[in-house]
Structure formats: structure tokens, C-alpha cells
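Hi,

Here is the structure I promised to pass on. Have a look at it first, and then read my notes underneath.

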Amino acid sequence: MAEDASGPKSAPKKPVIFDQSAIDTSVDPCVDFYQYACGNWRRNNPIPPDQTRWGRFNELAEYNNYLLYSDLKAAADAPKTPLQKKYGDYFAACMNSDLANRLGAKPIEPILKTIDGWSDRKQFATLMGAIENKYALSYFFTFASDQDQKDSSKQIGEVDQSGLGLPDRDYYLNQDDRSKKLRAEYVEHVTKMFTLTGDNPEQAAKEAQSVLAIETVLAEGSMSRVDRRTPANVYHVMTIAELRALTPEFDWKVYFAAKKQSALKTVNVASPGFFKALSQELSSADMDALKSYLRWHTIHRYAASLSDAFVQENFHFYAATLAGQKELAPRWKRCTQSTDRALGEAVGQDWVAKNFPPAAKDNMEKLVKALEAALAEDIKHLDWMSDATKVEAQKKLAAFRNKIGYPEKWRDYSSVKIDRNNPIGNVQQISAFNDRRDLAKIGKPVDEKEWDMTPPTVNAYYNPAMNDINFPAGILQPPFYDFKIDPAVNFGGIGVVIGHEMTHGFDDQGSQYDPQGNVRSWWTSEDKKKFDERTDCEVKQYSSFEVAPGQNLNGKLTLGENTADNGGLRIAYQALMSTLAEEHASQTAKVDGYTPAQRFFLGFGQVWCENVTEQAARLRAKTDPHSSGRWRANGTVQNFDEFGKAFGCKVGQPMMPVNACRVW
């Protein structure tokens, strides 16, 4: 029986901003602010069976997803524009579970046959180029455009490590019992996937062992996530001749020709150690083993879009086993998200017109200006930074570009051919379009107005090479933002998000980029030393926070986000107090029983209310540069004495420790 492809039973509840019912007044905010702000919310909001984490971000994402689904369903049933016809057909093809089940593995058989026909080790680059050129399906490594660290106005080619089926290199290298068990379950999963394509169990098991062996070699050669946080570690511009000397087993000339990049003279090799390991593996690994690896990554890439048997087995390992998800998300959710990822700036045009009024954008621009002024004041009064470095920091802040809501110019999808009866073909069309579009940037000036997130996305980001802060329309709603509510709550929600993204320009990574987005030191050596001492304080603090039994945060991996959380909270608070003063508003008058300062901190804390499975908490601790919700709230307020003052805490209580960390 085919998977149910009907839509949602009912509309999700729209999130609210500042939820008094979420507060657990039985808890002392000076002892555990997170539990005080979120205790009742966490009790009343268990993790839905189709989720691994359920928090305020998820609430809003679910609501946006429903609004998006409504647009996609209408476009699939009765499109009114050519753009709606395109994304409506993509969505309809994705929703057609009967078609997917009839086709089974047939949509990927041409790629598998191409791999099976490979017989000459020296022709490996030819094989890779042919598959990538036709299907935009990469193996082992990625090849893409990127901004030049030394000249951010230029786009250069870059090859980088990739090719692992498990979430991180540590899953292959750690020797604890849990890691060994997960590797065994991974081999079991790969075996089952091979059998779904028609391989007999014995053959499938042998292939799966080959996959693990090859990926383990790649993992050993891969750079860690922490090491990759240092820009210099991933910048090694080489001539093509030097790249060929590093990887003599791979014919880059043939490969780049297939990618229409024959004129390429140099390329950034982000992880040279990985490519050295890859070259050795291409030389020594059995060809049947290499074929098994290629076949597996073909199956893995398309598993979520194939028949129910593939979808369910893919879910069983990657969601249930690795992250503790109890049920597969309904097809309408998965297809809505897939269409947004594939055609986000097509779908986003109609979504923004309905859901992001001009007044919201205007008010957001005012908030950004208030936060910029607060950060400028913060820099001015830092007691650990010299005047010389302060001048450079102010220059960088003044050069920030702000992007709010959606792009000024929408992406052109006219060359993309979408077929209502070819779901896998549509995935390949989009992949090929994105690949061509990306590689076409090499050697050309950077497009400063481009976005990396779609308009309905519930997130925001800072791009150090662009030196810009980006706030998609999707996040500019409750529980983060409501331009009709009091400023204390807005500054505690979206204000801290804005301050967070601004502070990224001055975290351990962002601080290495100058106002133009080039990697260049603008610090005095003494100031850089003081900066490092302060970030080391945060590393130690957050590394002490436990997220699951025996599993702590990695303070080095999460350093940038933790610095941004702490800086964002501080400058958003400063901006709120300045705004209240300018508007001659009381800083002590209570609303709903709370002062503006208390409402600010509660607005902030409630953004991070969440419940998470133990498996997902462990997974995120290894792979996510963000701390968990509890520690994004508690870890941050511990470092800000204004929180203690707002709630009448005493020095020495958990939320007001004697020694606190401060960078910005």
C-alpha cells in the first residue's frame, strides 16, 4: 500500500510572543532561568513523533510550512502563473507516492549501470565527470565556487572534503562502544539499501563492508570541524599541476573539462590531507569496492525520493537510529520542505507577498539601526581593547550590509525543466541547475545581493566574506518578533537574533575578516591576545555543560555561536534601554507583572524553549556549532550581570556566578 499522500488534518497553532503560560513560577530564575522561562512550555509540548527536537523554532517552522503547503497545493491544483506551474508540478511529482512505488529503483538504474560499466581505473575522472555533468551527483569530494579569502570581490574554484555517509568523521574514528554499535547499524542499513536495488543479501553485506572501509579512510584524512573554523586551515590555493601532484591517481584535466572548467588555472584545495588520502585510496582500493562506494552514494542521494521501501529504510537509520525520531514525517511536510529547498526563490515570491507586510520590514530596519548603534557604543567602551583596534572594529561595523526579508532580485528558474511525472528527474534538474549556476561564478565578481536562505526559512545568518547580516522573512514573526508588541519583548527576541548575527562579525572566525570580507588581521597583537583569553573562558564554560548523560558540549566547536549569543544579548539590552530613554518610556513600569528588563530576558529565554531526544542531543553535540537551548539561555545570562539585577539575584547563585566570561 502506498504512503498516504493527503495533506494536514488541521492548521497548526500560530506561535505567540511572550507566553506567560510557559513560565514555571515554582522555579527560582536565579537558580535555573531556562526552567523558569520554559518549564511549563516544556511540560506541555512533548516532542511530536515526527520530530527529534521540538522548540519555538520548530513551532514557527511548522506554521510556515503549513502556509507554504497551502500555496503549493493551490499551485499544483490550479496554477495561475508560469512560476506557480513550475513549483506546483515539482510539488505534485513529489507527492505522487503511487508513481514512486511503481518506479521503485528504476529512476537511478541508469547511474548504477554507468558505474557498473566502469572497468579502467585510469578512467575514474572520466566516470566522475560524466555522472556529475549529467546528474550533478558528486562523490568523494565537492567542487564549487567560493569567495577568495585574500580578495573577497573574486570568486574562485574550490575542491573540498566530502563523501561520508555518517554525520561526522568522529563516527568512524571513535572507539567507544556506542560508536562501534552505530557503525555496525550503519553497515546493516547500507546492506538493506543494496538489497532494495536487487542485490542478494550476501553480495549486499560484502558491498556494505567495502563502503565502511573506504569511508573510514576518508574520515581519517578529513579535517575536524573545529580545525575548519580557522579560515587559514581551509585555504590552500594551488595550480592545477600542484593539485595533480597531490593526487596523481585522479586526472583533474579530464574532470575539469567535463565540468566546463578547462580554463581553470588555480583552485583552492580546502583540505589537502583529505585529497592525499583519497588519492591513495583510489590507487589501492579494489575496483569492486570503489564501485560499491559509488553505488551506495547514488542510492543514498536519492533514497528520500524513491519508493516507500527506500524512504522507510532511510528514515529508520538516519532519523530513528541516529536521532531518535519515532515516526516518519507525513509526505506533505517532506514535499513542502523539498520544494522550498529546490525552488525557494520561486515559492518565496508568493509566500512573501502574503505573509510579510511592508510595515514589518520597515520596523525591522529600525531595530537593526538601534542594534548597530548599541554595538558601536559597546566597542567604544570596551576596557580591554586599545583605541587602535577599536577604530578598525568600528570600520568593520560601519561596512555591514543588511538584508531583510527577501532578495532585491529573484532567481531566474526559466531554464529548469520540471516534469509532473518525473520526481527523480526533477531533483536532478534542480541539482544540475544549481551546479551550473554555481560554477559559472568562478572568475566573476561576487554578487553581493545574493541570499543563502529562502524567504520562509526560520533562521538568520552572518556571512563573513560578504560582511552582511541576513534575516529571512520566515523568522520575522512570533515568537521572535511582532511589531505591534512592546519593545522589551521584541528586543529580547529578534533584537538578540540581530545582535547575535552582528557579533558573528567579531567572533573567533568573523574577527579574522576585515570590513571588505578579506581574511586579514586588523588587531594589535596585544588585543588579539586579550581576545583569545576571553574566548578561552567561554570554551571552558560551555565545555562543562552536559546535554546527555556523559555527553558535554564541545566548547571549541560552539565557540562562535556562544560568543554571538553573549554579545547579542548584551547589545540588544543596551539598544532596548537606549530606545526606552529616547521614547521617554519607563524602565520600571510593569506589564503583565514584569519590568521591561524582565520581559526582555523572558522574551530571550522563551526563544530557546525546547525538548530534544537523547540521540539528537548527542548527534548535535558532535556536529552542531550551536549549543542546546538550555545552555543558550542559561550560559548566556550567567555572563550578564544585568540579568541578575533584573531578577534580584545574589552573587554566587548559579545564574550570577562570581566569575563570568565576557568578550563583547
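Below is what I found, going through the sheets, one helix, the aromatic pairs and a few single residues.

One thing before you start: this is a predicted model.

**The four-stranded sheet**

Let's begin with the open sheet of four strands, which runs in the order 2-3-5-4 and has mixed pairing. Its edges are strand 2 (141-147) and strand 4 (237-239); each has a single partner strand, so one side of each is left without a neighbour in the sheet. On average, and ignoring direction, neighbouring strands here are turned by 40° against each other. If you want to check the register, strand 2 and strand 3 (residues 155-161) are antiparallel and share seven bridges, and Thr142 sits opposite Asp160 in strand 3. Helix 12 (residues 272-284) packs on this sheet and touches strand 2, strand 3, strand 4 and strand 5 (266-269). The direction of helix 12 makes about 55° with that of strand 3.

**The three-stranded sheet**

There is also an open sheet of three strands, again with mixed pairing, in the order 6-8-7. Strand 6 (401-405) and strand 7 (461-463) are the edge strands, each pairing on one side only. The twist from one strand to the next averages 15°. Strand 7 pairs with strand 8 (residues 468-472) in the antiparallel sense, over three bridges, and Tyr462 stands opposite Ile469 in strand 8. The helix to look for on this sheet is helix 16 (residues 358-380), which packs against it and touches strand 6 and strand 8. Its direction makes about 150° with that of strand 6.

**Helix 19 and what leads into it**

Helix 19 (residues 487-504) is worth a rotate on screen: it bends by about 40° at Gly495. Of its 18 residues, 17 are buried, so helix 19 is largely enclosed by the rest of the structure.

The loop between strand 8 and helix 19 holds Asp482. Is Asp482 buried or exposed? With a relative accessibility of 18%, it counts as buried, the cut-off being under 20%. Leaving aside neighbours within four places in sequence, Asp482 is in contact with Ile17 and Asn490.

**Aromatics**

How many aromatic pairs does the count come to? The answer is 51. Take Phe506 and Trp522: their ring centres are 6.1 Å apart and their planes stand at 90°, so this pair is edge-to-face. Both residues lie in the loop between helix 19 and helix 20 (525-543), so the pair ties together parts that are 16 residues apart in sequence. Phe506 is buried at 0% relative accessible area, and Trp522 is buried too, at 5%.

Another edge-to-face pair is Phe601 with Phe643, at 5.3 Å centre to centre and 85° between the planes. Phe601 belongs to helix 22 and Phe643 to helix 25 (residues 641-647), so here the parts tied together are 42 residues apart in sequence. Phe601 and Phe643 are both buried.

You will also see an aromatic cluster whose members include Trp118, Phe124, Phe140, Phe141, Phe143, Trp252 and Tyr293.

**Two more residues to click on**

Helix 22 (residues 596-607) also contains Gln598, which is buried with a relative accessible area of 13%. What does the side chain of Gln598 reach? It comes to 3.0 Å from the backbone oxygen of Ala646. Not counting residues up to four places away in sequence, Gln598 touches Gly593, Ala646 and Phe647.

Finally, Tyr90 sits in helix 3 (residues 82-95) and counts as buried at 6% relative accessibility. Apart from neighbours within four places in sequence, Tyr90 is in contact with Ser338, Thr339, Ala342, Leu343, Ile418, Asn426, Val427 and Ile430. Ile475, by contrast, is 385 residues along the chain from Tyr90, and the two C-alpha atoms are separated by 25 Å.

Cheers

Key
Residues numbered from 1 in each chain as written. Predicted model: local features only at pLDDT ≥ 70, side-chain atom pairs only at ≥ 80, totals over all residues. Heavy atoms only, no water. Bend = angle between axes of the 7 residues up to and from the residue. Helix = DSSP H or I, 4+ residues; strand = E, 2+ residues; numbered from the N terminus. Buried < 20%, exposed > 50% of the residue type's maximum accessible area, 1.4 Å probe, protein only. Pairing = 2+ DSSP bridges. Axes fitted to C-alpha atoms, helices over the stretch in contact; angles between N-to-C directions. Contact = heavy atoms within 4.5 Å. Polar contact = N/O pair within 3.5 Å; in protein donor to acceptor, adjacent residues only side chain to side chain. Phe/Tyr/Trp six-rings, centres within 6.5 Å; stacked < 30°, edge-to-face > 60°.
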